[in-house]
Amino acid sequence: QDLGEVSVFINGGYIRDLLLGKEPDDLDLSLCLRDCPAHVTVGTLLNLLPAFAEQRSDLGIREVKIATILSNESKDKQLDTFKGHFTDISDRKTEVDVMPTIGEETYEEGSRTPIRDQRGTPEADALRRDLTIGALLLRVNVGDAPDAGLSYTFLDFYGGLEDLQRGVLRSPAPASGLKEVRSVVLQGESEERLADSLGLAKLEEDAAMQVLWWAKILTDDPLRVCRALRFMAKLNFSLHPAFWQATPFVMNALRSKVAGGRKFTEYVKIGGYGFRACAEFFELAFSRTFGPENSRLASALFGGQDGKSVAKSLSEVRGFDCELYRGLALTLDGVDEAPILFGGLLATAIFSAEMQGSENASSEFSRACDGMCVSNVMRETGSAVFQAAARLGAATVTPGPVERAFA
């Protein structure tokens with residue numbers, strides 16, 4: 001139909017899970033439209049699929065439904081992004097997210113919202129991913145003969161396979177252009193001072209590039225901090241040291257500008273990874289210090305913009321009793337329901353922490369829950385922890401089995 005040459009790539013977690021020997025959860029495709037006429041978009045191509053499936057009964061696809069843009073986030077970024085719902089002749093359903101390969105991002109003066117080239121190269125598209133293990137691609141090759149079938153070409157532009165083998169979470173980073181990246185990330189005096197206090201000028205060029213590019217990726221969407229921590233918990237991987245140098249650039253935005261509901265979605269998934277992964281996540285968030293101010297992630301992670309866009313978050317954490325936390329957390333080992341496990345561990349971590357200017361631990365927990373728009377189950381679980389602690393402190397009450405276990 002004179003559409004030009006359209007290259008198709010499988011990307012993201014599908015390839016990561018295949019390499020880890022796991023069954024992939026979802027399928028994401030990227031279409032490279034560089035060689036297509038200007039009128040050809042992801043939307044126009046997908047709208048042709050239902051009729052194409054009817055003509056090609058040999059493909060075994062009984063029904064194709066195309067959904068509109070995926071999310072408000074996609075709309076804000078002006079991305080030509082769609083979801084396809086495929087049903088085969090055995091009534092098996094498959095969801096596929098489809099978007100174009102995104103190229104170089106440019107910025108208007110005074111704006112940090114990127115203008116995205118939707119006819120980018122696969123390499124440029126991989127560069128915008130938040131982690132190298134999600135920047136792997138499989139190019140789909142169609143044979144010349146009618147019965148030749150499909151073959152695949154593995155593409156790894158930024159060392160994702162090595163990071164996967166080493167168990168390391170790291171962002172992609174370009175090989176050159178440090179000066180240009182600095183100008184994008186360090187747009188004000190406060191950011192310049194932060195870069196100086198982090199000692200970026202003393203780093204080798206590739207190390208400085210890794211930090212600054214990761215800072216750029218996190219600034220584009222601060223929720224990516226939560227995503228990195230989620231993959232750390234899910235895969236039992238370690239964070240590359242550059243993460244701790246990049247994160248200070250985004251702490252304020254993560255604390256006050258990200259919708260708490262988006263964070264909570266990530267955290268429920270962490271709760272689903274089991275007790276050990278979830279407990280270690282909280283210990284890292286409350287105990288690990290980084291940056292020139294010895295910051296801790298907890299105050300930025302737990303809370304956010306509530307349903308009325310009002311920022312509500314934890315106070316700054318000034319101290320954390322790891323031994324107390326570990327002992328109390330063990331009472332939750334064996335809890336299977338993610339919101340209950342997460343709520344209980346969050347309350348336990350707050351109880352074990354010294355908060356700056358805090359009224360009391362229970363108020364801190366309530367404010368964090370308000371900011372994250374959590375479920376009632378999670379809120380009630382955490383509240384029960386503080387109620388048990390209050391009863392333990394009452395001299396006239398004899399502790400029961402729950403109170404003794406908590407103690």
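Which residues does Lys65 touch, not counting residues up to four places away in sequence? In this predicted model, the contacts of Lys65 on that count are Lys83, Gly84 and His85. Lys65 sits in strand β3, which covers residues 61–67. Its relative accessibility is 49%, so Lys65 counts as partly exposed; the exposed class begins over 50%. Leu49 is 16 residues away from Lys65 along the chain, and the two C-alpha atoms are separated by 8.7 Å.

**Helix α14**

Helix α14 runs over residues 275–287. Its 13 residues should span 18 Å at 1.5 Å a residue, and the end C-alpha atoms are 18 Å apart, so the expected and modelled spans agree. The helix is mostly covered, with ten of its 13 residues buried. Among the buried residues of α14 are Phe275, Phe281, Phe282, Leu284 and Phe286, and the charged residue Glu283 is buried too.

Two of these helix residues also appear in the description of the nonpolar core. The largest nonpolar core has 87 residues, and those touching the most other members are Phe282, Phe286, Leu301, Phe302 and Leu345. Leaving aside neighbours within four places in sequence, Phe286 is in contact with Arg296, Ala298, Phe302, Leu314, Val317, Phe320, Leu346, Ala349, Ile350 and Ala353. Another core, of 16 residues, lies apart from the largest one and includes Ile15, Leu29, Leu31 and Leu136.

**Salt bridges**

Side chains of opposite charge can pair when their charged atoms come close. The structure holds 23 salt bridges. Three of them are listed below with their N to O distances.

| Side chain | Partner | N to O distance |
|---|---|---|
| Arg92 | Asp88 | 3.3 Å |
| Arg276 | Glu280 | 3.1 Å |
| Glu283 | Arg326 | 2.5 Å |

In the pair of Arg92 and Asp88, the arginine has 57% relative accessibility and therefore counts as exposed. Asp88 has a relative accessible area of 12%, so this partner is buried.

Arg276 and Glu280 both belong to helix α14 and are four residues apart, about one turn of the helix. An α-helix has 3.6 residues a turn, so residues three or four places apart point the same way. Arg276 is exposed because its relative accessible area is 60%, whereas Glu280, at 39%, is partly exposed.

The bridge between Glu283 and Arg326 joins two helices. Glu283 lies in α14 and Arg326 in α16 (residues 322–329), so the pair ties together parts that are 43 residues apart in sequence. Glu283 counts as buried because its relative accessibility is 17%, under the 20% limit. Arg326 has a relative accessible area of 38% and is therefore partly exposed. Elsewhere, Lys83, Glu95 and Asp97 are joined into one network by salt bridges that share partners. Lys83 is also one of the residues that Lys65 touches.

**A nonpolar surface patch**

Which residues form a nonpolar patch on the surface? The patch consists of Val142, Leu150 and Tyr152, which together have about 340 Å² of accessible area. Leu150 is placed in strand β9, residues 150–155. Leu150 has a relative accessibility of 51%, so this residue counts as exposed.

Terms used
Residues numbered from 1 in each chain as written. Predicted model: local features only at pLDDT ≥ 70, side-chain atom pairs only at ≥ 80, totals over all residues. Heavy atoms only, no water. Patch = residues over 30% accessible without salt bridge, like charges linked within 9 Å, V, L, I, M, F, W, Y side chains within 5 Å. Areas by Shrake-Rupley, 256 points an atom, 1.4 Å probe, with all protein chains shown as cover. Salt bridge = Lys/Arg side-chain N within 4 Å of Asp/Glu carboxyl O. Helix = DSSP H or I, 4+ residues; strand = E, 2+ residues; numbered from the N terminus. Buried < 20%, exposed > 50% of the residue type's maximum accessible area, 1.4 Å probe, protein only. Expected span 1.5 Å × (residues − 1). Core = buried A, V, L, I, M, F, W, Y, C linked by side-chain atoms within 4.5 Å. Contact = heavy atoms within 4.5 Å.
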